[in-house]
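Q: Hi, could you walk me through how the helices sit against each other here?
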Amino acid sequence: MKILIIHGPNLNMLGKREPEIYGSTTLEEIDSALVTKAKELGVEVTFFQSNSEGEIVSTIQDAMSKFDGVVINPGAYTHTSVAIRDAILSSGLAVVEVHISNVYKREDFRQKSFVSGVALGVISGFGINSYFLGLSGLVEHLSNQ
Ligand code: DQA
């Protein structure tokens, strides 16, 4: 089983970026821990990070024929991007939306997600554990199909 993990804008800054909200773990460290988790689950993971909405849309389109499912932290595009929502919808892929912080405990503008309505599920607020929970939930869902 092949899973694509997409990190949206500003997530390349993890470790330095607002550590009181996002913690001190870098994106590289998260990805390396996800490789370990993926091995335990017996799946293959591929990573993609971009600060550009268009690149994320193109990557989701390309993922259609190459991956079984996607874990995405769309970052701030969660709250603005109809284009990412449409790409997920047209891909037909099982997509799990994850957030490090609990977006429902934060500013009003973060309470709206364009992605949640087309996602298989959403995990928000467990720190970097959100990624591991999202990955294992997705793998379990796909295995039961
Ligand atoms: C985030 C939450 C978003 O609101 C924010 O814009 C991010 C990170 C999270 O992981 O908690 O960039 O997706």
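A: Gladly, and please keep in mind that this is a predicted model. A good place to begin is the contact of helix H3 with helix H4, where Glu53, Ile56, Val57 and Ile60 in H3 meet Ala83, Ile84, Ala87, Ile88 and Ser91 in H4.

Q: What classes do the residues of that contact divide into?
A: The contact of H3 with H4 has 7 nonpolar residues, together with 1 polar and 1 charged.

Q: And at what angle do H3 and H4 pack?
A: Helix H3, which covers residues 53-63, packs against helix H4, residues 82-91, at an angle of about 5°, and their axes are 9 Å apart. H3 is therefore roughly parallel to H4.

Q: OK, what about H2 and H5, how do they pack?
A: Helix H2 (residues 27-41) and helix H5 (residues 129-143) have their axes 10 Å apart and pack at an angle of about 30°. Angles under 35 degrees count as roughly parallel, so H2 and H5 are roughly parallel to each other.

Q: Is the crossing of H2 and H5 left-handed or right-handed?
A: The crossing in which H2 passes H5 is right-handed.

Q: Which residues meet there?
A: From H2 come Ile30, Ala33, Leu34, Lys37, Ala38 and Leu41, and they meet Tyr131, Phe132, Leu135, Ser136 and Val139 in H5. Sorted by class, this contact of H2 with H5 has 9 nonpolar residues, 1 polar and 1 charged.

Q: Switching topic, what sits over the ring of Phe114?
A: That is the charged end of Lys112, which lies 4.9 Å from the centre of the Phe114 ring.

Q: And how many aromatic pairs are there?
A: With ring centres required to lie within 6.5 Å, the count comes to 0 aromatic pairs.

Definitions and conventions: Residues are numbered from 1 along each chain as its sequence is written. This is a predicted model: local features need pLDDT of at least 70, side-chain atom pairs count only at pLDDT 80 or more; totals for chains, interfaces and linings use all residues. Side-chain values use heavy atoms; hydrogens and water are left out. Axes are lines fitted to C-alpha atoms, for helices over the stretch in contact, and angles run from 0 to 180 degrees between N-to-C directions. Helices (H or I, at least four residues) and strands (E, at least two) are DSSP runs, numbered from the N terminus. Angles under 35 degrees count as roughly parallel, over 145 as roughly antiparallel, 65 to 115 as roughly perpendicular and the rest as oblique. A crossing is left-handed if the near helix is turned anticlockwise from the far one by less than a right angle, and right-handed if clockwise. Contact means heavy atoms within 4.5 Å. Ala, Val, Leu, Ile, Met, Phe, Trp, Tyr, Cys and Pro count as nonpolar, Asp, Glu, Lys and Arg as charged, and the others, Gly among them, as polar. Rings of Phe, Tyr and Trp (its six-membered ring) pair if their centres lie within 6.5 Å; planes under 30 degrees apart count as stacked, over 60 as edge-to-face and the rest as tilted. A charge sits over a ring if NZ of Lys or CZ of Arg is within 6 Å of the ring centre and within 35 degrees of the ring normal.
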